[in-house]
Amino acid sequence: MTPRTDIALIYGSARDGRFCDTVAAWTMAAIERAGGFAVDVIDPVAVDVARGVEGRDTAARSALRARLDRADGFVVVTPEYNHSFPAPLKALIDSAHAEWQAKPVAFVSYGGGSGGIRAVEHLRHVFAELHAVGLRDGVGFVNAWNQFDEQGALRDPDGAESAAATMLARLSWWARALRAGAGGHRLRGGGGVTVVDHPSPRVLVVGRSPTALEAIGRELSALGLAVSASARPETAAVEFEARSLDLVAIDAGVDDATRAAVRLSFIGAHPGIRLLDVRASVAVPAILAAANGAEAGPRVDLAAYARRIGHDAALRADMATLRAIHTRHPDAIAFEAIDVLLGRGIELSPEAVDAKLIGRRRGGYCFEQNGLFRRVLEEIGFDATGLAARVRWNVPPGTPPAARTHMVLRVILDGAPWLVDVGFGTCALTEPIRMDTDAAQSTGHDTYRVIEFGDDLLLQVRRDEAWLPVYEITREPQLDSDYQAANWFTATHPASHFRHNLMVARTTRESRYTLLDGRFTERWPDGRAERKLLDADGIHMALEETFGLAVEPDWRPAIERAADASSG
């Protein structure tokens, strides 16, 4: 079966009362009779490109470029004005460049005694500059106003219909030949040199803010992507044909119900389309990576992670899985910042974290632990977002607020937000808790609640008949670069307590174990606690037997300093 040919039928006139509507309607009927074409009608009256011609890549121009890019060929219906073609048609042509290249262009012209032939000859030169192929076969209507009746039908259709059939057969052949010859590539020229490029992925960005979409579209266009935008998510799937797109990116400003409807509409029309959820601040790199087939980062080895935490059940994006791995993680992977204490610093790249926490079976602190856990959740299919927190645990009353140097996660599951944190240590959560209620929530070890706290949220834990502050949580999603800055402070700044104290924690189903220098504590879910003071050998033994860490020889000086700090 001959594959469908996508073509754009382009109106050349924008005048009031234009005769172009009659000729274009006849052309459309001829295309339908020929069969094998999918037609996108592009009318300069409906396409606002004038503001984009002077170099500003407006949303309208971006949308037009995307439509032209999807076409395999073009049929231009043009009148002849003053021995040439109309200015609106020139503006439309000049609004794009690469989108015309290596594609055939057929002409249907009309006018007085010349039948629009001079307009066509000028257009051939214009399209030749754009590396498009102007077809020899076309249709021209001499004294066109006399050839159509009041209903828009040709008075003598035979000659014109035969010419149209020939023109469209040529157009279809050239479209297939050029598409196959390009092999999925595009030509671009400049300075007398022709270069072969890969085709621009066709991207639609869906959001609520036209100005934000315009900014995102401008940057993506500068990077070579054929991008369109819709500020009306509810009708995006109607405005844009799903099969003409490679990727649809949906901004975080679109509510969950509308987002789900948008995804369903596009997937239903084009099961192979790629869908991406983005935030405006990171939309461009995320879309660029997805459009080019690149992963956002190295993928975590889920099988290796599951073995590391002792999870042998299936990994699914459901609450049972989330609870199970949240409970197992702080049991299997100890909280520790020994590398900071040794002056080594902390590397947050996925490769470094995976090699350390999974490969070498070390522990880590919040940026490593929750960074790994977020990637695990995303790989499974959860909707996980990193947030920042300001630690309040054990901070004396009246102390000025510290920086936000703790990483937590928010997971949206079945429309509800859940707080997830496997990297706090002393009173770490052992399972996710809801963020949209201030009701008390009991876990295996402690009872927590999340309350409104100004612009932020405050996590509290119930201890000794009182609600104690754990940390304040900002609602703003964080970027990896935000965590890099916070990690640099906690790992290198002289005021960071990780630089001066040995701090290790592990939470099992039965007990919480913590080590602060030489002070070792075991706390049970019923509130009982046992405390011991350890010497250097005791610390060494606890690190290996309780916290599951293989003590390295160069840790010994730090261990001895920790023992001395506690004994003093």
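**From a buried ring to the pockets**

Start with Phe107: its relative accessibility is just 2%, so this residue counts as buried. What you're looking at is a predicted model, so keep that in mind as we go.

Phe107 has an aromatic partner. A pair of aromatic rings is described by the distance of the centres and the angle of the planes. The structure holds 16 aromatic pairs, and in one of these Phe107 meets Phe127, with ring centres 6.1 Å apart and planes at 50 degrees; that angle falls between the 30 and 60 degree limits, so the pair is called tilted. The two rings come from distant parts of the chain, 20 residues apart: Phe107 belongs to strand β4 (residues 104-111), while Phe127 belongs to helix α4 (residues 117-129). Phe127 has a relative accessible area of 1%, which is under the 20% cut-off, so Phe127 is buried too.

Rings also gather in a group here. Phe19, Trp26, Tyr110, Phe141, Trp145 and Phe148 are linked by ring pairs into a cluster. Elsewhere, a ring can have a charge for company. Arg434 places its charged end over the ring of Trp418, 5.4 Å from the ring centre. Arg528 does likewise with Trp524, where the distance to the centre is 4.6 Å.

Now swing over to Asp72, which you'll find in the loop between α2 (59-70) and β3 (73-79). Is this loop residue buried or exposed? Its relative accessibility is 14%, so Asp72 counts as buried. Leaving aside residues up to four places away in sequence, Asp72 touches Arg4, Thr5, Asp6, Lys103, Pro104, Ala175 and Arg179.

Next, the nonpolar interior. The largest nonpolar core has 40 residues, and the ones with the most contacts inside it are Tyr305, Tyr365, Phe367, Leu372, Phe373, Val376 and Leu377. Several elements give two or more residues to this core, including α10 (302-309), α11 (319-332), β15 (406-413) and α15 (480-492). Which element gives the most? That's α14, with seven residues. Take Leu377 as an example: beyond residues up to four places away in sequence, Leu377 touches Leu322, Ile325, Phe382, Ala384, Leu409 and Val411. Apart from this core lies another, of 27 residues, among them Leu9, Val108, Phe148 and Leu168.

What about empty space? Rolling a probe the size of a water molecule over the atoms shows where empty space is left. The second largest pocket holds about 1,400 Å³. Its lining comprises 49 residues, and Val391, Trp393, Asn394, Thr426 and Met503 lie nearest its centre. Among the elements giving two or more residues to that lining are β14 (383-391), β21 (466-473), α15 and β22 (503-507).

As for enclosed space, the count is one cavity of 30 Å³ or more. The largest cavity has a volume of about 60 Å³, and the residues lining it are Pro330, Ile333, Phe335, Gln369, Val422, Gly425, Ala428, Ala505, Arg506 and Thr507. Strand β22 gives the largest share of this lining, three residues.

Last stop: Gln478, in the loop between β21 and α15. With a relative accessible area of 14%, Gln478 sits under the 20% cut-off and is therefore buried. Its C-alpha atom is 6.7 Å from that of Ala388, although the two residues are 90 residues apart along the chain. Not counting residues up to four places away in sequence, Gln478 touches Arg279, Gly386, Leu387, Ala388 and Tyr483.

Methods:
Residues are numbered from 1 along each chain as its sequence is written. This is a predicted model: local features need pLDDT of at least 70, side-chain atom pairs count only at pLDDT 80 or more; totals for chains, interfaces and linings use all residues. Side-chain values use heavy atoms; hydrogens and water are left out. Rings of Phe, Tyr and Trp (its six-membered ring) pair if their centres lie within 6.5 Å; planes under 30 degrees apart count as stacked, over 60 as edge-to-face and the rest as tilted. Helices (H or I, at least four residues) and strands (E, at least two) are DSSP runs, numbered from the N terminus. Buried means under 20% relative accessible area, exposed over 50%, partly exposed in between (1.4 Å probe, protein chains only). A charge sits over a ring if NZ of Lys or CZ of Arg is within 6 Å of the ring centre and within 35 degrees of the ring normal. Contact means heavy atoms within 4.5 Å. A nonpolar core is a set of buried Ala, Val, Leu, Ile, Met, Phe, Trp, Tyr and Cys residues joined through side-chain atoms within 4.5 Å. On a 1 Å grid over the protein atoms alone, a cavity is a set of points where a 1.4 Å probe fits but cannot get out, and a pocket is an open set with protein on both sides within 12 Å along at least five of seven lines; lining residues have an atom within 4 Å of a point. Grid points are joined across faces, edges and corners, and a volume is the space filled by probe spheres set on the points.
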